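Consider how aromatic side chains and one buried position connect parts of this chain. The paragraphs below go through them in turn.

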Amino acid sequence: MTSLSAKKKGRLWHQIGAFCLPYLCSCFLQTLYGMADLFIIGQFEGAGSITAVSIGSQVMHMLTVMIVGLAMGTTVHIGRSIGAGRRDLAAKFTGNTITLFLGGSLVLAAAALGLVGHVVDWMSTPVEAVTGTRDYLTICYMGIPFITAYNIISSIFRGMGNSRTPMYFVAIACVANIFLDLLFMGPLHLGPAGAALGTVMSQAISVVISLWMVRRHDLGIPLERADLKPRGDILKKLLRVGVPISVQDGFIQVSFLVITVIVNARGVVDAAAVGIVEKFISFVFMVPSAMLATISALGSIRIGAGRPEQAVEILYAGLKIVVTYGVALAVLIQFCAYHVVGVFTSEPDVIAAGGPYLKGYIFDTTFAGIHFSFSGYFTANGRSEISFLHNLVSIVCARIPLAYLTSQMFPDTLLPMGLATASGSLVSVVICVVAYRVLKPKFLHAGADR
């Protein structure tokens with residue numbers, strides 16, 4: 001009996017690793033080419049250009065995570081369809097996803113381009129960074145269809161339990177972006193505009209290659225032209241899961257943008273320091289993000305196959321991983337925070353401001369890892385609105401008000417602001433634990449009846 005249990009656990013960890021590691025590599029590469037913009041411009045330009053890229057990339061990150069959140073509806077429903085052996089239904093979800101996102105990306109790009117100037121003003125952008133931020137956003141907004149296309153293709157593969165193929169797509173984009181950044185910001189001296197050009201062109205290259213690969217390889221989903229025709233019932237199911245996650249992720253990013261606005265009022269040095277730390281945090285958040293995607297995708301397949309108890313086992317395994325990772329990282333950063341910030345800039349004032357902020361902010365890795373894992377489980381069960389709720393409460397009641405208060409009370413250090421940011425995720429953890437204990441019996445019963 002013990003041997004069978006050990007083999008079962010071994011298979012579970014193998015399945016998690018087989019999905020999570022390629023996804024983690026994708027996150028690493030995607031974050032790397034985002035960090036490359038900031039690192040490379042820091043070698044050629046001053047605080048003004050660093051701030052411009054930081055602000056512009058934060059805005060683009062907000063749009064990107066909202067697109068990824070909306071695409072989670074595709075991942076979940078394709079996963080359930082595959083788990084239930086309904087590949088014909090998976091094809092309908094795939095076709096309607098393509099139609100929905102293709103039209104939506106064009107509308108979003110046009111609307112965003114019309115708001116460039118307003119966004120620069122809303123962000124309280126320091127005078128030194130206004131022109132660079134405007135140039136960066138204008139170019140990146142034109143690339144929104146490419147961002148959308150990449151995430152559609154990736155969500156379809158992940159819904160099928162395949163996280164390896166999207167990893168190849170982002171690897172192509174990462175390599176292309178680094179070379180283009182070095183060209184545009186180095187010899188051509190294009191500054192923030194060069195960073196944006198490198199990002200958009202690398203994403204376009206990745207999309208073209210990914211479409212070529214899709215045409216050459218059978219996805220295992222019998223997609224036909226009729227599946228592209230919008231169907232109200234299919235779109236409703238996609239949006240029921242995707243919209244709460246997208247809005248939730250949007251709120252989270254808005255909260256960080258508000259914090260950026262608060263910091264921008266303190267001057268360009270603090271703005272540059274926070275921008276650098278935000279980039280580093282997005283890097284270390286790879287593991288929590290990978291757990292959310294893993295639990296959502298693998299949990300959906302298990303629930304679709306009528307094995308909801310295995311989704312719970314996947315959740316518990318994910319929690320063990322993120323807590324171990326988060327605690328170890330928080331301890332390590334207390335000893336090397338200034339060195340981490342110094343990797344991105346040689347300006348002493350920026351390093352001095354960024355070190356304390358990172359020391360406080362890093363605790364968010366553990367708390368976010370926990371509520372990301374629970375959010376993945378809720379999403380797999382089709383209850384993504386729970387994730388929306390706990391994030392909204394944490395933002396309104398903790399993250400933004402505490403960040404503002406600490407900014408006013410401690411003008412000489414960013415450490416309290418870093419701790420205030422992490423406090424929002426702690427509120428989310430409490431809500432997630434309560435929701436899980438209340439809803440777990442219902443999830444197990446509903447999943448077994450599928």
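In this predicted model, Phe285 and Phe372 are both buried. Their ring centres lie 6.0 Å apart and their planes meet at 85°, which makes the pair edge-to-face because planes over 60 degrees apart count as such. Phe285 sits in the loop between helix H10 (268-284) and helix H11 (286-304), while Phe372 belongs to helix H14 (residues 364-380), so the contact between the rings ties together parts that are 87 residues apart in sequence.

A second pair also involves helix H14: Tyr377 lies in that helix and Tyr436 in helix H16, so this pair ties together parts that are 59 residues apart in sequence. The ring centres of Tyr377 and Tyr436 are 5.7 Å apart, and with their planes at 70° the pair is again edge-to-face. Tyr377 has a relative accessible area of 2% and is buried; Tyr436, at 8%, is buried as well. Both tyrosines belong to one aromatic cluster, together with Tyr316, Phe374 and Phe378. Across the whole structure, a search finds 7 aromatic pairs.

Helix H16 spans residues 415-448 and also holds Thr421. Is Thr421 buried or exposed? Its relative accessibility is 0%, so Thr421 counts as buried, the limit being under 20%. Leaving aside residues up to four places away in sequence, Thr421 touches Phe256, Ile259, Tyr357, Tyr361, Asp364 and Arg399. One of these contacts, Asp364, is a residue of helix H14 (residues 364-380).

How values were computed. Residues numbered from 1 in each chain as written. Predicted model: local features only at pLDDT ≥ 70, side-chain atom pairs only at ≥ 80, totals over all residues. Heavy atoms only, no water. Helix = DSSP H or I, 4+ residues; strand = E, 2+ residues; numbered from the N terminus. Buried < 20%, exposed > 50% of the residue type's maximum accessible area, 1.4 Å probe, protein only. Contact = heavy atoms within 4.5 Å. Phe/Tyr/Trp six-rings, centres within 6.5 Å; stacked < 30°, edge-to-face > 60°.
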